[in-house]
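Biologist: I have a structure to look at, and I would like to ask how its features get their names. Could you walk me through it?

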Amino acid sequence: MTTRRLPAARATVLLLVVAVAAVLAAGLHGGPASTTGAAGDPIPAPALHGTTLDGGRFDLAEARGQVVVVNVFASWCGPCRDELPLLDDIARRWSPYGLRVVGLNLRDGPEAVRALLSETGTTGLTVLPDPDGTQAVRWGVRGVPETFVVDRDGRIVARRPGVVTQEWLDQRVTPLLRAA
Amino acid sequence: MSWRRLLGVLAVAALLAGAGTGLLRSSAPDPDTDPVRTIAAGLRCPACQGESVADSQSPIAAAMRQAVADQLARGRSPAEIRRWFVERYGDEVLADPPARGLPLLLWAVPALALLGAGAAAVRTLRPPRRRASAAAAVGSAPAGVAARRVWWLSCAAVVALVAAVAVVAGRLEDAQPQAPPADPVAVTLQLARELEQQQRYDAAAELYRDALRELPDDGVQLRLAFALLRAGDAAGAERTAREVLTRSPDSPDGLLVLGLAQRSTRPEEAPQTLRRFLTVAPRHPAAEEISRLVDG
Amino acid sequence: MLGDLGTAGLTAGLTSASLTVLLWLRVALLGAPARAARVATVVTLLAAALACGALEAALLRRDFSVRFVAENGGRHVSVYDTVTSLWSALDGSLLLWLLVLCGYAALLARRRHPRRLHAYAMAVVGVVTTFFFALSTLAANPFRAVHPVPVDGPGPNPLLQQHPAMGVHPPLLYLGYLGLVVPFALALAAPLAGVEGRDWLRIARPWTLAAWSALTAGIALGAWWSYAVLGWGGYWAWDPVENASLLPWLTATAFLHTMLSGAVRHARWNTVLACASFVLVLLGTFLTRSGAVASVHAFTESPLGPLLLGLVLLAVLASTLLAARGDPAPPSPRTPPLLSRATAVLVNGVLLVTIAAAVLIGTIFPLLTEPLTGARTNVGPGYYQRTAVPLAVAVLLLAGVAPAVRRAGDRAVARRLVLPAVAALATVAAVGLISRPGLPALVAFGAAAFTLTGLAGQLGSMQRRRRGVRTVRLAAVLAHAGLALVAVGVAGSSAYGQAQERTVRTGETVRVSDVSVRLVAVDRSAGNGRMVVQARLALTGDGSDRTVAPRLWYDTARDTAVTVPRIDTGVLRDTYVTLLAVAADGSTATVRLAVNPLVGVLWLGAALIVGGGLLAFAASARRVRRRPPPSVPVDPPTALRVAA
């Protein structure tokens, strides 16, 4: 049976398929979760300023020396509602150590946000409305919720698309607070 | 040349000219189109699957459209705006990522497929040379003992296939324990909360009791107490809150419900309980309301 | 109780599927009688039906002790949605998959085909069945008991509850996908079966046509669902799941053409395309079932990925090894002239394979980039518009040329193409001078005019043919005309579609060309685990006034919002109204109004393609039945002698 022998072309095809499959398997192993990684090198934070929900002024440039957690949220986003208590908690616990938590409220109405804040009992956040969403786009926000950690020198040292966890905040924020 | 012939040529020429003009007109950019839309169509919505910023209805895409419009109004060029977005979102924000490095694969693979299939097609169309022998080679069926051996081998292969699936499945199960996506207690609690929002407190309390049987938890018990209170069962609320308070005497919510319940069961004790609540949790969202209630 | 019954069904199915493989191999290798093997095949089907029935009963009786019901059932879900929720999530859909697969196996087992070809093919189908039974029993058993038993479940994915088409779309797709297992099995069996194998194409044709028609209908229904439910206004997003269904369709289409009786010379092409189609089905299953690619309607992440990838590899390995054994059919000695149907069929094959390659690499690209660069890079529609779309226009043009070159070596080809060419040029000139649809759409309009005119000419000359030939020709004309109409629909709706999105107060209007909607009121209601917001809008346009009420659903249990558009379907254009958001106090609503021209033509074209496929299926099934297979020696040793 001479034709049983695998021709070179076919063997090449087979090898190629196996190679692609190996890469696919590696991709599968990584899983889609790895898109939610942290940012690489710290980059200077884009500008963030405006009138807060309660009528005050906020400017990130004036918050140098403070560690700022910027959380992009909206009342129409379910997961945001779930993580608000956690953010409120760290804001209250760590504000004496120089932490400020800013809620960038993406494309939302003031009534809706107020309702959300009072429902979740959130009081510790500086809420900055972003009705047309351009501030968020300046920050490269991909979706809500998304959270950024800005260090005392005004650089973004960590970002997390999706819901934050206590561990993540502990890992990224506490070392910055201690450094002061 | 006959008149008819000339007419035919003229007609074809007119058609060709018309079609050519039409094509030219279409390949030039349309002056009427909205420049924001043109730029947004070249950007990919980061929150969606495969939709452009121009088409997507996600709020982020709407915000990105607004950003494009703002920058156009400030007189920036489309190229500058695209660069601005790439700085923030990376190369993949562009609908057509630049073809260098790995994205080259996107063009190389179809090109190779075209070449390979084309070569195969040409080979098929060429007169057959020395390939007629191929047919004679097939049809080599094993017979007798050999066939039996092949059959036993196949038996082993089928068993091996099933065993392989079993082994891999077992290992995967260990590797990623499948948490039930819908925690039954969570579903119950969700339903109960919905009922509360619809002000059907009796039914909600019933569901909270169900949930408590599965998951003894102070938080759930306090929700039950709140639901009972709102349903008008102050005695039940008081009892439930006390159960929590025996375990953790300083629970602010426990004190709050107890105090509110006592206002109807034993009004003389209520202010004291509520004051204790205020000392334990002065910054509770309900604190302001309660202090007004106690002092007023 | 129902859970135990289901698990018993799955275990019985796994056992009998393994037995089926061995029994059919006994028939093929040792010449044993096929009776036992047929019985085992039917038993496997019954086991699959039992498992399906048990899960369906558990869903209907709301037996939340069964894992799948606890995850996908719900007390508030209607009966229709409960029945269809069987295939709304991964593990249940695997059962339907198994049922369809076993159904095909049982149908194929009943036929009287050349014995060894038939038996080998059945063994291949059996191996696939065994694998999926093993997968369902051992890795994704939907019947596992849940403890503690919940009082209620979240219900199926709300997106899937919105459209009656969801009840038909997945089963049709499965009919299409799994029907392709038959040509695959026959292609693998042919080189093993020796001389008997030469007959495999004739046997495979009706199966392929049936599967292809179902697949086409499934893809079209999926597009319709996407258009009518997802509410983003389009019907095709080059989403990984859509691509996964398109890939086998492309190769199966190429296979349907290369396998045509006049083109026996394409033996190697036939084997490769038949194998590729089913391998792509498996690959698509891997991509969409493993959570490897994110998509609007992909199933969530599951541990099945590595197993399915293993099956894909196994299938590639088997096809490569067996295809290497040589062509079962001898090549014909004559060389066809350049302008012949053989050439057209091959060019068509080359084009479709190239489109498939582009779609495939685009779909798996994010998976390839991740291990290499660390980030997932998705491929957007722009890529497909620049690769697949021009090639598809070329395929359409070819469909217009092919009828003209039907007779080999015919001098009249050029003369026959004059009228279509004139029609194409006239269309391009007229459309291009009146409007600006953009280059791709304009070329597509021209190509469609070219093809439709050519087909009309063929329709006229068909009266002279024999009845059987006439049916087949008519089927081809229908399918090709359908393709042209689809092209017109796609080009028209993407070139002339207009949309406007605005936040309006009560009494204000949104206007697109001559159509406008005025916000009358916003209604809200809650209950059944969901909140529904509805905007009542007065629609003016087309000379009639109506009220339309697009909705926004919010499913609390799954925290998902669904926009349900209202579509006012006209002959030449659809008016498409979507409610995107509502202010908390109900004073304003964000409304999107779109006018989508020619979408109806797209659905009509898809229906014609399916109709053509079914007509060809009927004709070829009749032919297979009427003409019994050439008598072939029964026992292998004789077959050997004949071959030698």
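Modeller: Here is a short conversation about chains, strands, helices and a few unusual backbone angles in a predicted model.

Biologist: Let's begin with chain A. What makes up its secondary structure?

Modeller: Chain A has 5 helices and 8 strands. Starting at the N terminus, the order is α-β-β-β-β-α-β-α-β-α-β-β-α. Of its 180 residues, 38% are buried.

Biologist: Why is the sheet in chain A called open, and which strands stand at its edges?

Modeller: Its 6 strands follow the order β1-β8-β7-β4-β5-β6, with mixed pairing. The strands β1 (43–44) and β6 (126–130) of chain A each have a single partner, so one side of each has no neighbour in the sheet. Helix α5 (residues 166–178) of chain A packs on this sheet and touches β4, β5, β7 (146–150) and β8 (155–161). The direction of α5 makes about 150° with that of β4(A).

Biologist: How do you know that β1(A) and β8(A) count as paired?

Modeller: At least two bridges are needed for a pair. β1(A) and β8(A) have 2 bridges, in the antiparallel sense, so by that cut-off they are a pair. One of the bridge partners is easy to find: Pro44(A) is matched with Arg155(A) in β8(A).

Biologist: And which other pairings in the sheet can you show me, parallel or antiparallel?

Modeller: Both senses occur. β4 (residues 67–73) and β5 (residues 99–106) of chain A run parallel and are joined by 7 bridges, and Phe73(A) stands opposite Asn105(A) in β5(A). β7(A) and β8(A) are antiparallel, with 5 bridges; there, Val150(A) has Ile156(A) as its bridge partner. These two strands form a hairpin with 4 residues between them, where Gly154(A) takes a positive phi near 75°.

Biologist: What makes β8(A) largely enclosed?

Modeller: A residue is called buried when 20 or more other C-beta atoms lie within 10 Å of its own. In β8(A), 5 of the 7 residues are buried, so the rest of the structure largely encloses this strand.

Biologist: Let's turn to phi angles. What is noteworthy about Ser513(C) and Leu598(C)?

Modeller: Most residues other than glycine have a negative phi. Ser513(C) is not a glycine, yet its phi is positive, about 40°. Leu598(C) is not a glycine either, and its phi is about 65°. Ser513(C) lies in the loop between β2 (509–512) and β3 (515–527) of chain C, while Leu598(C) is in the loop between β10 (588–597) and α18 (599–626) of chain C.

Biologist: Why is Leu598(C) called buried, and why is Ser513(C) called partly exposed?

Modeller: Count the neighbours. Leu598(C) has 23 other C-beta atoms within 10 Å, and the cut-off for buried is 20 or more, so Leu598(C) is buried. Ser513(C) has 13. Exposed would need 12 or fewer, so Ser513(C) falls in between and is partly exposed.

Biologist: How do you know that the peptide bond between Val144(A) and Pro145(A) is unusual?

Modeller: Most peptide bonds are trans. The one joining Val144(A) and Pro145(A) is cis, with omega about -15°. Pro145(A) sits in the loop between α4 and β7 of chain A.

Biologist: Now for helices. How do you describe the packing of α7(C) and α9(C)?

Modeller: Two packed helices are described by the angle and the distance between their axes. For α7 (residues 169–179) and α9 (residues 200–230) of chain C, the axes come within 7 Å and cross at roughly 145°. The crossing is left-handed. The contact includes Leu172(C) and Tyr177(C) of α7(C), and Trp207(C) and Leu221(C) of α9(C). Its residues divide into 13 nonpolar, 5 polar and no charged.

Biologist: Finally, how many residues are in contact between chain A and chain B?

Modeller: 15 residues of chain A are in contact with 16 residues of chain B. Helix α4 (residues 134–138) of chain A gives the most to chain A's side, with 3 residues. That side divides into 5 nonpolar, 7 polar and 3 charged residues.

Conventions: Residues numbered from 1 in each chain as written. Chains lettered and ligands numbered in written order. Predicted model: local features only at pLDDT ≥ 70, side-chain atom pairs only at ≥ 80, totals over all residues. Contact = placed C-beta atoms within 7 Å. Nonpolar A, V, L, I, M, F, W, Y, C, P; charged D, E, K, R; others polar. Axes fitted to C-alpha atoms, helices over the stretch in contact; angles between N-to-C directions. Left-handed = near helix turned anticlockwise from the far one by under 90°.
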